[in-house]
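Biologist: I am new to this structure and would like to go through it with you. Could we begin with the terms you use for surface exposure?

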Amino acid sequence: MTDASAARDSTAQHDAEHGRAEADRYEEGIVTDFSRRMSYSSYLGLEQLLSAQHPVSTPEHHDELLFIVQHQTTELWFKLVLHELTDACRLLRENELQPALKRIARVKHIQRTLTDQWSVLATLTPTEYAQFRGFLGNSSGFQSWQYRAVEFTLGNKDARMLRVFENDASAHELLSSILNAPTLYDEFLRYLARAGFAVPASALDRDVTQGYRMNEELMPVVRDIYEHADEHWSEYEACEELVDLEENFQLWRFRHLKTVQRTIGMKTGTGGSSGVPFLQKALDIAFFPELYAVRTQIGAPA
């Protein structure tokens with residue numbers, strides 16, 4: 001048999017096997033009639049979801065769809081993050097620490113996806129973005145009420161941000177509600193107090209409408225948890241989960257900054273911000289400052 005004949009026989013065999021594999025995918029029991037059944041598409045609302053992308057550039061720029069899908073996908077993940085964090089707060093109020101940590105663990109996985117997602121937008125070159133950026137007007141990620149809701153829930157509250165949403169009654173109402181509610185960290189500290197830890201009144205009775213700030217009076221409690229982790233393992237684990245949550249958020253912020261810098265350089269943002277310098281400031285914001293400060297204290301000379 002010649003090499004050419006052998007190659008033809010091998011190809012024919014491969015094609016036959018591929019054909020059998022394809023045929024095996026279509027089993028007799030597979031449902032194909034959805035005239036009266038719920039389908040994958042109807043369950044997910046794909047008709048609405050996939051028709052929700054409306055480029056505004058004229059003529060329509062090829063890369064604007066990427067820009068829209070990137071941000072819509074982010075908003076969908078934010079919706080799930082809020083869903084999980086809200087329930088984590090509820091579970092902490094009900095002293096259900098482990099289920100609350102399960103919610104936080106899921107958020108951590110979502111955060112990794114959100115951070116990796118920036119690499120897709122980073123394929124948009126400055127020249128490509130410049131060709132449709134002007135059509136965006138003043139629309140900006142700064143106006144994402146879900147992002148703001150996540151930040152409020154984690155402790156970075158600022159009542160002035162509500163002004164941005166005065167023309168969106170439902171968003172304004174939700175953010176007002178979160179502004180006046182305890183943060184995830186507040187709920188954790190209240191859980192610790194109910195569990196017998198000497199959490200100071202200054203932490204338990206603080207004005208929850210204000211952004212969380214470092215509380216030196218809380219440091220002995222946090223240090224006790226870390227230095228006696230074997231006795232307080234669940235609380236120690238919770239502290240580390242919160243540190244992971246904050247670190248992931250900071251990585252997302254940093255990746256956002258670098259993607260913006262890569263795409264528009266030092267231009268101002270479409271929403272009126274200073275752009276990169278504005279995003280740089282966010283890297284100094286801490287949600288759970290005592291959980292980082294304790295690392296300086298542990299093992300330090302007396």
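Modeller: A residue is called buried under 20% relative accessible area, exposed over 50%, and partly exposed in between. Please note that this is a predicted model.

Biologist: Is aspartate 244 buried, exposed or partly exposed?

Modeller: Aspartate 244 has a relative accessible area of 28%, so it falls between the two cut-offs and counts as partly exposed.

Biologist: Which side chain does aspartate 244 meet in a salt bridge?

Modeller: Its partner is lysine 108, at 2.9 Å from N to O. Aspartate 244 belongs to helix H12 (residues 233-264) and lysine 108 to helix H5 (residues 97-121), so the salt bridge ties together parts that are 136 residues apart in sequence. Lysine 108 is buried, at 8% relative accessibility.

Biologist: How many salt bridges are there by this rule?

Modeller: The count comes to 13 salt bridges. One of them joins the side chains of arginine 93 and glutamate 187, again at 2.9 Å from N to O. That pair links distant parts of the chain, with arginine 93 in helix H4 and glutamate 187 in helix H9, 94 residues apart.

Biologist: And how covered are those two, buried or partly exposed?

Modeller: Arginine 93 is partly exposed, at 45% relative accessible area, whereas glutamate 187 is buried, at 2%.

Biologist: Which residues form a network of salt bridges?

Modeller: Asp87, Arg90, Glu94 and Arg103 are linked in that way. Within this network, the side chains of glutamate 94 and arginine 90 meet at 2.9 Å, N to O. Glutamate 94 is partly exposed at 46%, and arginine 90 is partly exposed at 31%.

Biologist: Let us turn to H9. How many of its residues are buried?

Modeller: Eight of the 11 residues in helix H9 (residues 184-194) are buried, so the helix is mostly covered. Among them are Phe188, Leu189 and Tyr191. At the start of H9, a side-chain oxygen of threonine 183 comes within 3.3 Å of the backbone nitrogen of tyrosine 185. Just after the helix, glycine 196 has a positive phi of about 105°.

Biologist: Now the pockets. What lines the second largest pocket?

Modeller: Its lining includes Arg90, Arg93, Leu174 and Glu187. Helices H4 (64-93) and H8 (169-179) are the elements that give two or more residues to this lining, and H4 supplies the largest share, five residues. About 240 Å³ of space lies in the pocket.

Biologist: Finally, which residues make the nonpolar surface patch?

Modeller: Met38, Tyr40, Tyr43 and Leu44 make a patch of about 540 Å². Methionine 38 sits in the loop between helix H1 (3-24) and helix H2 (40-44), and is exposed, at 60% relative accessible area.

How values were computed
Residues are numbered from 1 along each chain as its sequence is written. This is a predicted model: local features need pLDDT of at least 70, side-chain atom pairs count only at pLDDT 80 or more; totals for chains, interfaces and linings use all residues. Side-chain values use heavy atoms; hydrogens and water are left out. Patches are made of residues with over 30% relative accessible area and no salt bridge: like charges are joined within 9 Å, nonpolar side chains (Val, Leu, Ile, Met, Phe, Trp, Tyr) within 5 Å. Accessible areas come from the Shrake-Rupley method with a 1.4 Å probe; for residues, only the protein chains shown count as cover. A salt bridge is a side-chain nitrogen of Lys or Arg within 4 Å of a carboxyl oxygen of Asp or Glu. Helices (H or I, at least four residues) and strands (E, at least two) are DSSP runs, numbered from the N terminus. Buried means under 20% relative accessible area, exposed over 50%, partly exposed in between (1.4 Å probe, protein chains only). A polar contact is a pair of N or O atoms within 3.5 Å; within protein, one must be able to donate a hydrogen and the other to accept it, and residues adjacent in sequence count only if both atoms are side-chain atoms. On a 1 Å grid over the protein atoms alone, a cavity is a set of points where a 1.4 Å probe fits but cannot get out, and a pocket is an open set with protein on both sides within 12 Å along at least five of seven lines; lining residues have an atom within 4 Å of a point. Grid points are joined across faces, edges and corners, and a volume is the space filled by probe spheres set on the points.
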